[in-house]
Amino acid sequence: MACESKHQSSSCGLESFVKDESLVELGSGKFGCAHYRRRCKIRAPCCDEIFDCRHCHNEAKNALDVNPLLRHEIPRHDVEKVQQYCISCGVCMGKYFCPKCKFFDDEVSKNQFHCDECGICRTGGEEKFFHCRKCGCCYSNSIKDAHHCVERAMHHNCSVCFEFLFESMKDITVLPCGHTIHLECVKEMEQHFRYSCPICSKSICDMSSLWEKLDREVASTPMPETYKNKMVRILCNDCGEVSDVHFHIIAHKCLGCKSYNTRQIRGGSASTCTSRIAGMVN
């Protein structure tokens, strides 16, 4: 049933087809691939081969068994000869259709919408998102007045799995620092007791309860006489303040924001509290 999307746009005879609901709905939700439900295929302009969607093309053409010199991704905006209804039989290729993205999808429950500023289609409902021009992407209205702007925040690879975020189909979250990352990658970081942004090292969540535990740990672990007056200079990853504090084997507390997410920048060998944090979380 799946038709190849190759017909030029034409209004000739199309109106009568559209009126026939039995043809419009024929095959709805029964065809497509793992990425989209649709009733057509695309012809890739780069290799002139037919695929269910651009993701199917990119997976096939970038597989490990493909010659590295032949690997490539489809220039999706170069796909031509697409329209929502077949001019031959009147079948609807996809209930959602974007002529700008050359995109079809039968699963309208995703609430797809096209963002002109992003230049691509998004899911979730247009009324629930806003486009941040500095970040260069659409964000949920829930963070409209609270998010920290980072120029072109999603126009880079995920700092954990290295997939390009801007067109990723996976859920993406915005960290308090403004950097973006896959939600599943954040959860994987937490499983390995990594609670700081891989890009800027700022804390990715409220760590106050953990800082209190470290306060008690530091207080209950007095340093030997030799180190009691030893001073070190630290840089706070959270607030950026530089402080001179007493050296401690467990961790060093920022004098500004009281965070233990710090690094030693002068005065003896650097220390880390990662193992201590892991033990406390357990």
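In the predicted model, the buried residues of helix α3 are covered by elements that include strands β2 (40–43) and β3 (50–51). Helix α3 spans residues 54–61, and six of its eight residues are buried, so the helix is largely enclosed by the rest of the structure. The buried positions comprise Arg 54, His 55, Cys 56, His 57, Asn 58 and Lys 61.

At the level of the whole chain, six helices and 14 strands are assigned. Of the 282 residues in the protein chain, 39% are buried. The chain exposes about 15,900 Å², of which carbon and sulfur atoms supply 50%. When contacts between residues at least 6 apart in sequence are considered, 40% join residues at least 24 apart.

Confidence varies along the chain. The mean pLDDT is 86, and 87% of the residues score at least 70. Among the elements, strand β11 (residues 180–182) has the highest mean pLDDT, 96, whereas strand β1 (residues 3–4) has the lowest, 44. The pLDDT is below 50 over residues 1–18, a stretch that nevertheless has 46 contacts in the model beyond near neighbours in sequence.

An open sheet is formed by three strands in the order β13-β12-β14, with antiparallel pairing. Its edge strands, β13 (242–246) and β14 (262–266), each pair on one side only. On average, neighbouring strands of this sheet are turned by 45° against each other, direction ignored. Strand β12 (residues 231–236) runs antiparallel to β14 and is joined to it by four bridges. Within this pairing, Arg 233 has Arg 266 of β14 as its bridge partner. In general, the strands of a sheet pair through backbone hydrogen bonds, in either a parallel or an antiparallel manner.

The loop between β13 and β14 contains Ile 249. With a relative accessible area of 48%, Ile 249 is partly exposed, because this value falls below the 50% that exposed residues exceed. The C-alpha atoms of Ile 249 and Pro 222 are 9.5 Å apart in space, while the two residues are 27 residues apart in sequence.

Aromatic side chains were examined over the whole structure, and seven aromatic pairs were found. In the pair of Phe 130 and Tyr 139, the ring centres are 6.2 Å apart and the planes lie at 70°, so the arrangement is edge-to-face. Both partners fall under the 20% limit for burial: Phe 130 is buried at 10% relative accessibility, and Tyr 139 is buried at 4%. A separate description applies to Tyr 36, Tyr 96 and Phe 103, which form one aromatic cluster.

Backbone conformation was also considered. Most residues other than glycine have a negative phi. Against this background, Asn 111 has a positive phi near 55°. Asn 111 is located in the loop between β5 (103–105) and β6 (113–115), and its relative accessible area of 39% makes Asn 111 partly exposed. A positive phi, about 75°, is likewise found at Ser 201, which is not a glycine. Ser 201 lies in the loop between helices α4 (183–191) and α5 (208–219).

How values were computed: Residues numbered from 1 in each chain as written. Predicted model: local features only at pLDDT ≥ 70, side-chain atom pairs only at ≥ 80, totals over all residues. Heavy atoms only, no water. Helix = DSSP H or I, 4+ residues; strand = E, 2+ residues; numbered from the N terminus. Buried < 20%, exposed > 50% of the residue type's maximum accessible area, 1.4 Å probe, protein only. Contact = heavy atoms within 4.5 Å. Areas by Shrake-Rupley, 256 points an atom, 1.4 Å probe, with all protein chains shown as cover. Pairing = 2+ DSSP bridges. Axes fitted to C-alpha atoms, helices over the stretch in contact; angles between N-to-C directions. pLDDT = per-residue confidence, 0-100. Phe/Tyr/Trp six-rings, centres within 6.5 Å; stacked < 30°, edge-to-face > 60°.
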